[in-house]
Amino acid sequence: MKYLFTIILFFIGIEATSVDEQSAFQDGEWFKFEMSYSGFLKAGNATMTVKESNLDGKEVYHVVGKGWTTGAIKWFFKVKDRYESYFDKETGVPYKFIRKIDEGGHTKDIEIKFDHKNRKAEVHNKKKKKVTTVATEKDVQDMVSMYYHLRNKIDMASLKKGDEIKTNMFFDEENYGFKLKYLGEETIKTEFGKVKTLKFRPYVMAGRVFKEEESLTLWVSADKNKIPLKIQADLAVGSLRAELVSFKGLKHSFQIEY
């Protein structure tokens with residue numbers, strides 16, 4: 001369960017001229033997810049909150065993601081994670097990313113500042129009291145800002161089954177090429193009723209955590225919000241499911257089929 005919240009945050013959702021004008025989200029948006037292990041054992045909760053803010057004179061969105069274990073699991077493996085991102089309201093590029101986690105005693109406290117002009121990231125590992133500078137890719141996103149960037153990037157009118165969406169992401173001290181494959185439309189049962197969704201396959205690295213490269217399936221609402229509704233992950237041992245159970249502050253109407 002060590003990767004509980006990392007999984008949901010990394011794959012929780014999906015190029016606009018202006019993020020503020022064309023955005024799928026807005027100030028005050030909030031999500032809550034419930035996670036279960038192998039389809040029956042309640043594993044934990046996660047929330048994500050969007051707030052308008054100001055960072056060094058720049059207007060930004062400040063997103064905070066939190067994850068924690070619940071029920072019986074927390075007694076033998078306690079998780080308490082916090083992720084934050086400050087990204088530009090107009091362009092969507094991230095300026096600062098914070099990752100502070102405690103996963104069964106495995107802890108990290110990292111702050112990253114992005115210099116997009118010079119394509120560099122300053123990584124401050126507070127636990128190790130170490131600062132390093134790492135070269136980044138063009139238009140790089142952090143782990144949280146990527147989610148909101150991808151929600152805006154989907155063009156439902158031109159999306160075809162088999163299409164792949166790619167982006168560059170920087171996590172901890174490394175650059176990653178992230179890829180998402182579109183699998184088509186599907187209507188699923190949710191906490192709120194039947195909802196028409198867009199189904200995706202995020203590609204992951206097979207090995208210790210995931211069974212294979214195509215171990216994840218993601219469903220997002222087929223409306224202007226493109227909110228994450230369900231995630232199914234086949235792990236090396238068991239499976240993990242995350243489902244949206246509560247929300248508020250959506251920018252657009254949420255379409256439910258009765």
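Hi everyone, this is a short walk through some strands, salt bridges and aromatic rings in the structure above. Please keep in mind that we are looking at a predicted model.

Let's start with strand 13, which covers residues 228-234. Is this strand enclosed or open? Of its 7 residues, 6 are buried, so strand 13 is largely enclosed by the rest of the structure. Strand 12, residues 216-221, runs antiparallel to strand 13, and 5 bridges join the two. If you want a landmark there, find Leu218, which stands opposite Ile231 in strand 13. The hairpin made by strand 12 and strand 13 has 6 residues between the strands, and in it Lys226 takes a positive phi near 50°. Strand 13 is also joined to strand 14, residues 239-248, by 5 bridges, and this pair is antiparallel too. Here Gln232 has Arg241 in strand 14 as its bridge partner.

Arg241 turns up again when we look at Ser36, which is in contact with it. Ser36 belongs to strand 1, residues 30-37. With a relative accessible area of 15%, Ser36 is buried, since the cut-off is under 20%. Leaving aside neighbours within four places in sequence, the contacts of Ser36 also include Leu41, Lys42, Ala43, Ser239 and Leu240.

Now for the charges. Side chains of opposite charge can pair when their charged atoms come close. How many salt bridges does the model have? The count comes to 10, and I'll show you three.

One of them joins Glu29 and Arg151, whose closest N and O atoms are 2.9 Å apart. This pair links distant parts of the chain: Glu29 is in the loop between helix 2 and strand 1, while Arg151 is in helix 4, 122 residues away. Both ends are buried: Glu29 has a relative accessible area of 1%, and Arg151 comes out at 0%.

Next, take a look at Arg99 and Asp172, which meet in a salt bridge at 2.9 Å, N to O. Arg99 lies in strand 5 and Asp172 in the loop between strand 9 and strand 10, so the pair ties together parts that are 73 residues apart in sequence. Arg99 is buried at 6%, and Asp172 is buried at 14%. Lys108 joins in as well, in a network of salt bridges with Arg99 and Asp172.

The third example is Glu111 with Lys126, where the closest N and O atoms are 3.4 Å apart. Glu111 lies in strand 6 and Lys126 in the loop between strand 7 and strand 8, so this pair ties together parts that are 15 residues apart. Glu111 is buried at 14%, whereas Lys126 is partly exposed at 36%.

Finally, the rings. The structure holds 13 aromatic pairs. In one of them, the ring centres of Phe25 and Phe87 are 6.2 Å apart and the planes are at 75°, so the pair is edge-to-face. Phe25 sits in the loop between helix 2 and strand 1, and Phe87 in strand 4, 62 residues apart. Both of these residues, Phe25 and Phe87, are buried. Tyr147 and Tyr148 make a tilted pair, because their centres are 4.2 Å apart and their planes are at 55°. Both tyrosines, Tyr147 and Tyr148, are buried as well. Together with Tyr61, these two pairs form one aromatic cluster: Phe25, Tyr61, Phe87, Tyr147 and Tyr148.

To finish, two lysines meet rings. Lys58 lies over the face of Tyr95, 5.0 Å from the ring centre, and the charged end of Lys96 sits over the ring of Tyr86, 4.9 Å from its centre. Thanks for listening!

Note on methods
Residues are numbered from 1 along each chain as its sequence is written. This is a predicted model: local features need pLDDT of at least 70, side-chain atom pairs count only at pLDDT 80 or more; totals for chains, interfaces and linings use all residues. Side-chain values use heavy atoms; hydrogens and water are left out. Buried means under 20% relative accessible area, exposed over 50%, partly exposed in between (1.4 Å probe, protein chains only). Helices (H or I, at least four residues) and strands (E, at least two) are DSSP runs, numbered from the N terminus. Two strands pair if DSSP finds at least two bridges between them. Contact means heavy atoms within 4.5 Å. A salt bridge is a side-chain nitrogen of Lys or Arg within 4 Å of a carboxyl oxygen of Asp or Glu. Rings of Phe, Tyr and Trp (its six-membered ring) pair if their centres lie within 6.5 Å; planes under 30 degrees apart count as stacked, over 60 as edge-to-face and the rest as tilted. A charge sits over a ring if NZ of Lys or CZ of Arg is within 6 Å of the ring centre and within 35 degrees of the ring normal.
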